Amino acid sequence: MIELRRLTKRYGEVTAVEDLSFDVRPGVVTGFLGPNGAGKTTTMRMILGLDAPTSGTATIRGRRYADLASPMREVGVLLDARAVHPRRSVRNHLKCLAQSNGLARSRVEEVLGLVGLTRVADRAAGGLSLGMGQRLGIAAALLGDPEVLMLDEPVNGLDPEGIVWIRTLMRELAAQGRTVLVSSHLMSEMALTADHLVVVGRGRLLADVEFDEFIRSSSRESVLVRTPDAEELACRLRDAGAAVRPGAEDTLTVEGTESAVIGKVAMAHGVVLHELTPHRISLEEAYMELTRDSVEFGAAEGSGR
Amino acid sequence: MTVPTAAVPTASPAAVLRSEWAKFRTTRATGYVLAGAFVIALCYAYLFGTANGRAYVGSSPGEQASFDPLETAFRSLALAQLLVSAVGVLAVTSEYAAGTMRTSVTVVPRRGRLLVGKAAVVTMIMLLCGPLITLGSFLISQTMLAAQGAPSASLTNPGVPGAIMGGGLYLTLIGLYGVAMGFLLRRTAGAVALGSFLLLLPASAPLFPEWLAEWAVRYWPSSAGMGMFSPAPSSGSLPPHMGFVLLATTVLALLTGASAVFRSRDV
């Protein structure tokens with residue numbers, strides 16, 4: 001269980017994280033989602049006591065991270081998989097970490113096997129590919145067999161097989177009753193892993209919902225209608241209780257009613273239809289809509305989608 | 001994978017020390033620099049021994065009477081200390097350079113414990129290597145003096161074992177000074193450059209106004225600390241034990257400052 005209460009971090013004038021409160025529960029995978037620069041990493045660093053919050057608190061099972069007696073056994077962390085001493089071997093890298101928390105030597109070999117790095121254990125950590133480096137970072141997080149896992153963008157640089165592997169691993173860990181917090185800037189990735197979603201943008205909380213709930217609330221359907229009598233049809237549909245938005249070149253976007261009803265209304269008023277396309281808003285679109293105002297480096301209007 | 005039992009405290013000082021020792025052993029750069037300190041010390045002991053022996057032979061009987069072979073014995077430490085200080089710097093800054101300091105602080109969130117672990121490893125290494133460097137410098141320089149026909153000292157001469165141990169202790173303190181500089185400046189280049197400059201400052205004392213020069217030679221910690229291995233204190237310097245106290249206090253103050261900065265700064 002991770003609890004954040006009104007967590008805030010300011011760097012001078014810039015507010016990286018503002019008044020962030022949410023809980024990360026055990027037994028489920030919690031997706032921590034937001035565009036680049038939303039404050040996800042800063043938040044994780046504050047939970048870990050690497051950065052001091054300007055105000056607010058973050059606790060893990062009721063205690064500040066710095067007060068944990070055996071940090072690696074309680075929290076497994078992947079922040080930056082590239083942070084390895086480049087010339088130290090993979091095995092020695094893990095050994096140094098294991099020793100700092102008095103973990104058994106056998107754990108090093110166990111996690112090496114678990115992430116599939118046994119074969120390259122004697123290679124220099126700096127010479128690993130991006131994907132293998134990521135596996136090493138995950139191995140380090142698993143060393144202490146921790147109750148809580150915090151993984152920052154774990155699928156970065158993994159090949160498709162690696163992505164499936166980490167996805168399965170996270171689901172398994174959560175199923176064992178562990179707390180799993182995983183950050184990402186990709187909704188598509190979260191859709192396959194997360195049970196719960198925490199969405200942030202510009203350091204603020206935008207959503208804290210069950211994944212199913214997020215799908216239900218965002219899966220609005222709309223219908224694209226193309227007709228030479230757009231104005232006429234819009235009037236009639238509004239009378240019938242639908243929400244109508246006129247689009248470019250004789251098109252209408254209709255929400256709150258089905259294609260069949262639109263067809264009937266059109267026929268009843270002698271309106272010719274050229275196109276009638278039902279459209280379900282994808283998760284990706286719902287997410288982009290949610291974070292639209294908080295994208296730091298958004299493309300110019302109209303160039304997206 | 002099993003769900004672990006209740007966590008017992010394990011990031012203990014002893015565990016941190018073992019981990020820091022493993023890190024030191026598996027960081028090649030620090031080993032190379034330490035080896036460099038040996039090479040520099042022994043090569044310059046050879047050069048100083050040869051040069052001073054030759055100077056003795058060519059000097060007047062009056063000068064020959066006041067010749068002290070021990071003056072030559074530890075000259076090379078003034079240069080070797082720069083590399084020893086860099087060993088301390090690298091033990092810290094190699095972690096910043098690789099980005100692993102963040103990992104280290106994550107697995108050992110008690111930052112003071114981490115700093116003490118690093119300092120302890122450098123202390124242990126230098127308590128072993130320091131006296132070896134001074135012993136080697138002594139033996140080589142005295143052998144070279146004798147080879148030129150100049151008077152030389154042996155290990156059994158009064159004050160010699162003490163000077164060798166004092167020199168080793170001096171180098172240990174210099175290594176710790178490097179650790180403090182590493183934590184304070186975080187960058188290898190900056191910490192080595194500033195660290196070396198401050199160590200060498202007394203060497204430029206002759207350029208200073210006289211009052212400042214006298215003060216620097218007498219009280220500047222690296223200069224005062226060298227009294228620990230100068231068997232015959234010259235008139236201007238502090239007694240050896242005072243030199244030790246002054247240098248040790250300075251290093252301790254720097255480490256305390258480094259600890260305060262390290263604990264309050266975002267990693």
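I'm counting a residue as buried when its relative accessible area is under 20%. Note to self: this is a predicted model.

**Helix H2 of chain B**

I began with H2(B), residues 28–58. Its 31 residues reach 45 Å from first C-alpha to last, close to the 45 Å expected. I then listed its buried residues, and they include B:Gly36, B:Ala37, B:Ala41, B:Ala45, B:Gly49 and B:Gly53. B:Thr30, B:Asn52 and B:Tyr56 are on that list too. What covers them? I found helices H1, H3, H4, H5 and H7 of chain B among the cover.

**Helix H8 of chain B**

Next I checked H8(B), residues 160–185. The end C-alpha atoms sit 37 Å apart, and 26 residues should span 38 Å, so the two agree. Is it enclosed or open? I get 20 of the 26 residues buried, so H8(B) is largely enclosed by the rest of the structure. Right after the helix comes B:Arg186, with a positive phi near 65 degrees.

**Nonpolar patch**

I looked for nonpolar side chains on the surface and got a patch of B:Leu127, B:Leu169, B:Met242, B:Phe244 and B:Val245, about 390 Å² of accessible area together. Helix H12 of chain B (residues 240–264) gives the most to the patch, three residues. B:Val245 is in H12, and I have it as partly exposed because its relative accessibility is 40%.

**A–B interface**

I pulled up the contact between the chains: 40 residues come from chain A and 34 from chain B. The buried area is about 3,100 Å², with carbon and sulfur atoms giving 56%. How many salt bridges cross the interface? I found one. B:Asp266 pairs there with A:Lys9, N to O at 2.7 Å.

**Salt bridges within chains**

Over all chains I have 22 salt bridges. In chain A, A:Glu3 and A:Arg5 pair at 4.0 Å between closest N and O. A:Glu3 is partly exposed at 24%, and A:Arg5 is partly exposed at 36%.

I also noted A:Glu189 with A:Arg167, at 3.3 Å. That pair links H7 (187–193) and H6 (160–175) of chain A, 22 residues apart. Both side chains' residues are buried.

In chain B I went to B:Glu20 and B:Lys118, whose closest N and O are 2.7 Å apart. B:Glu20 is in H1 and B:Lys118 in H7 of chain B, so the pair ties together parts 98 residues apart in sequence. B:Glu20 is buried at 4%, and B:Lys118 is buried at 3%. I traced the pair into a salt-bridge network that links B:Glu20, B:Lys23, B:Glu95 and B:Lys118.

Terms used: Residues are numbered from 1 along each chain as its sequence is written. Chains are lettered from A and ligands numbered from 1 in the order in which they are written. This is a predicted model: local features need pLDDT of at least 70, side-chain atom pairs count only at pLDDT 80 or more; totals for chains, interfaces and linings use all residues. Side-chain values use heavy atoms; hydrogens and water are left out. Helices (H or I, at least four residues) and strands (E, at least two) are DSSP runs, numbered from the N terminus. The expected span of a helix is 1.5 Å times one less than its number of residues. Buried means under 20% relative accessible area, exposed over 50%, partly exposed in between (1.4 Å probe, protein chains only). Contact means heavy atoms within 4.5 Å. Patches are made of residues with over 30% relative accessible area and no salt bridge: like charges are joined within 9 Å, nonpolar side chains (Val, Leu, Ile, Met, Phe, Trp, Tyr) within 5 Å. Accessible areas come from the Shrake-Rupley method with a 1.4 Å probe; for residues, only the protein chains shown count as cover. Buried area is the accessible area (1.4 Å probe) that two parts lose on being put together, summed over both.
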